[in-house]
Amino acid sequence: PLAAQTTVRLSDLAGRRLPDGTPAETGRTPQPPANWRSRLDLSQIFNLVEVGNIVWFLPDWVARRFPRPNIAFRPVDDLEPTTLAVAWPAESRSPAVAAFVRVVKEIAEATVDDEPSAVEQAAAG
């Protein structure tokens, strides 16, 4: 039923759950489990959304990058923006990690004055 709407509000998500079992209408970003290795990957979460078990809040870029024909991506008007954080081991000497960190820092510095995207999406199967 939510797929027919152009946008949704947190109250529209009452009775639905996020991947960690949190009620979706709280708008709270799920916390990673204590054993982070047991987290679901992107494909598994999309599969759970498709069968209607959960909804998921994700950045609009993820919705654009990974379209799924059986999932409706809708903006959530009253959802607080989220922060994406990237971490790596302090002792890492990987050239790939170093290059990634440089690019991320450049992008962050270039966009620091820009308005953050307030459009978060709810994926519902």
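# Salt bridges and surroundings in a predicted model

A search of the whole structure, which is a predicted model, finds three salt bridges. Side chains of opposite charge can pair when their charged atoms come close. In one of these pairs, the side chains of Asp78 and Arg9 meet, with 3.5 Å from N to O. This salt bridge links distant parts of the chain, since Asp78 belongs to the loop between S2 and H3 while Arg9 belongs to the segment before H1, and the two are 69 residues apart. Asp78 is partly exposed, with a relative accessible area of 28%, and Arg9 is likewise partly exposed, with a value of 42%.

Another salt bridge joins Glu50 to Arg68, where the closest N and O atoms are 3.2 Å apart. Here too the pair links distant parts of the chain, with Glu50 in helix H1 and Arg68 in the loop between helix H2 (60-65) and S2, 18 residues apart. Glu50 counts as partly exposed because its relative accessibility is 25%, and Arg68 counts as partly exposed because its relative accessibility is 23%.

A further salt bridge is formed by Arg64 and Asp60, whose closest N and O atoms are 3.5 Å apart. Both residues sit in helix H2, and because they are four residues apart there, about one helical turn separates them. An α-helix has 3.6 residues a turn, so residues three or four places apart point the same way. The two partners are not equally covered: Arg64 counts as exposed at 61% relative accessibility, whereas Asp60 is buried, with a relative accessible area of 17%.

To place these pairs in the whole, it helps to look at the overall layout. The protein chain has three helices and three strands, and from the N terminus on its elements follow the order α-β-α-β-α-β. Of the 125 residues in the protein chain, 24% are buried. The area that the protein chain exposes is about 8,700 Å², and carbon and sulfur atoms supply 56% of that area. When contacts between residues at least 6 apart in sequence are considered, 61% of them join residues at least 24 apart.

Helix H1, which holds Glu50, can be followed from one end to the other. At its N-terminal end Asp41 acts as a cap, with a side-chain oxygen 3.1 Å from the backbone nitrogen of Ser43. The buried residues of H1 are Ile45, Phe46 and Val49. Seen down the axis of H1, these buried residues fall within an arc of 100°, so they line one face of the helix. Just after H1, Gly52 takes a positive phi of about 85°.

The segment before helix H1 (42-50) also contains Thr22. At a relative accessibility of 7%, Thr22 counts as buried, and, leaving aside its neighbours within four places in sequence, Thr22 is in contact with Arg16, Arg17 and Arg28. One of these contact partners, Arg28, can also be related to Phe57, for the C-alpha atoms of Phe57 and Arg28 are separated by 9.3 Å although the residues are 29 apart along the chain. Phe57 itself is found in strand S1, which covers residues 55-59, and Phe57 is buried, with a relative accessible area of 13%.

The loop between strand S2 (72-75) and helix H3 (95-111) includes Pro81. At 46% relative accessibility, Pro81 counts as partly exposed. Pro81 and Gly27 are 54 residues apart in sequence, while their C-alpha atoms are 10.0 Å apart in space.

The loop between S2 and H3 is also the place of Leu84, which is exposed, with a relative accessible area of 68%. Leu84 takes part in a nonpolar patch on the surface, formed together with Trp61, Val86, Trp88, Phe100 and Val104. Together the residues of this patch have about 630 Å² of accessible area.

Conventions
Residues numbered from 1 in each chain as written. Predicted model: local features only at pLDDT ≥ 70, side-chain atom pairs only at ≥ 80, totals over all residues. Heavy atoms only, no water. Buried < 20%, exposed > 50% of the residue type's maximum accessible area, 1.4 Å probe, protein only. Contact = heavy atoms within 4.5 Å. Areas by Shrake-Rupley, 256 points an atom, 1.4 Å probe, with all protein chains shown as cover. Arc of directions from axis to C-beta. Polar contact = N/O pair within 3.5 Å; in protein donor to acceptor, adjacent residues only side chain to side chain. Patch = residues over 30% accessible without salt bridge, like charges linked within 9 Å, V, L, I, M, F, W, Y side chains within 5 Å. Salt bridge = Lys/Arg side-chain N within 4 Å of Asp/Glu carboxyl O.
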